[in-house]
Amino acid sequence: MEIKIREVVANDYTEVVFLWNDVLGVRNVNIENFRVTMENMNKAGNYKTFVALFENDVVGFVTIVQALSVGSSNGYLHIQGLAVKKELQHNGIGTELLRYTENYAKEMEISSIILCSGFKRTDAHAFYVHNGYD
């Protein structure tokens, strides 16, 4: 399965909103508030959303923010959301998105990545532990 990863574009928004709702269970995300949020994130300049494509279809995404940290000139990355279509999970797509994020951090000379995951998302916890996060 060949996956391509690139930055999100406006034509991807519908698929990304679907993933926020379907996979992450965030029910208050719709195309309009997502578009506005993406515009604000782009203006801020320290947010990135990358999408995973399989046969030109969005099958996953990761949203990150570079945050400031006292004592660190480059701060850290915070993964705000990562999702892969349910029917394509366990095919390495999420891991590819994590590795892409880690490489982006290296390019930006950022040495720390943090994330939060809901208590009930035990499958997500297992995925992150499997990928070296705790």
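These exercises work through the fold, a helix pair, one residue and the aromatic rings of a predicted model.

Residues are numbered from 1 along each chain as its sequence is written, and side-chain values use heavy atoms, without hydrogens or water. In this predicted model, local features need pLDDT of at least 70 and side-chain atom pairs count only at pLDDT 80 or more, while totals for chains, interfaces and linings use all residues.

**Exercise 1. List the elements of the protein in order, then judge its compactness.**

Step 1. Take helices (H or I, at least four residues) and strands (E, at least two) as DSSP runs, numbered from the N terminus. The protein has four helices and five strands.

Step 2. Read from the N terminus: β-α-α-β-β-β-α-β-α.

Step 3. The radius of gyration, taken over C-alpha atoms, is compared with the globule rule, 2.2 Å times the number of residues to the power 0.38. The value is 14 Å, close to the 14 Å that the rule gives for 134 residues, so the protein is as compact as a globular protein of that length.

Step 4. The C-alpha trace spans about 40 × 35 × 30 Å along its principal axes.

**Exercise 2. Describe how helix 1 packs on helix 2.**

Step 1. Locate the helices: residues 13-22 and residues 31-44.

Step 2. Fit axes to C-alpha atoms over the stretch in contact; angles run from 0 to 180 degrees between N-to-C directions. The angle is about 110°, and the axes are 10 Å apart.

Step 3. Angles under 35 degrees count as roughly parallel, over 145 as roughly antiparallel, 65 to 115 as roughly perpendicular and the rest as oblique. Helix 1 and helix 2 are therefore roughly perpendicular.

Step 4. Find the contacts (heavy atoms within 4.5 Å). Tyr 13, Thr 14, Val 16, Val 17 and Trp 20 of helix 1 meet Ile 31, Phe 34, Arg 35 and Met 38 of helix 2.

**Exercise 3. Is Asn 21 buried or exposed, and what does it touch?**

Step 1. Buried means under 20% relative accessible area, exposed over 50%, partly exposed in between (1.4 Å probe, protein chains only).

Step 2. Asn 21 sits in helix 1. Its relative accessible area is 14%, so Asn 21 is buried.

Step 3. Leave out residues up to four places away in sequence; Asn 21 then touches Val 26, Arg 27, Asn 28 and Val 29.

**Exercise 4. Classify the ring pair of Tyr 128 and Tyr 133.**

Step 1. Rings of Phe, Tyr and Trp (its six-membered ring) pair if their centres lie within 6.5 Å; planes under 30 degrees apart count as stacked, over 60 as edge-to-face and the rest as tilted. The count comes to six aromatic pairs.

Step 2. The centres of Tyr 128 and Tyr 133 are 6.3 Å apart and the planes stand at 70°, so this pair is edge-to-face.

Step 3. Both Tyr 128 and Tyr 133 are buried.
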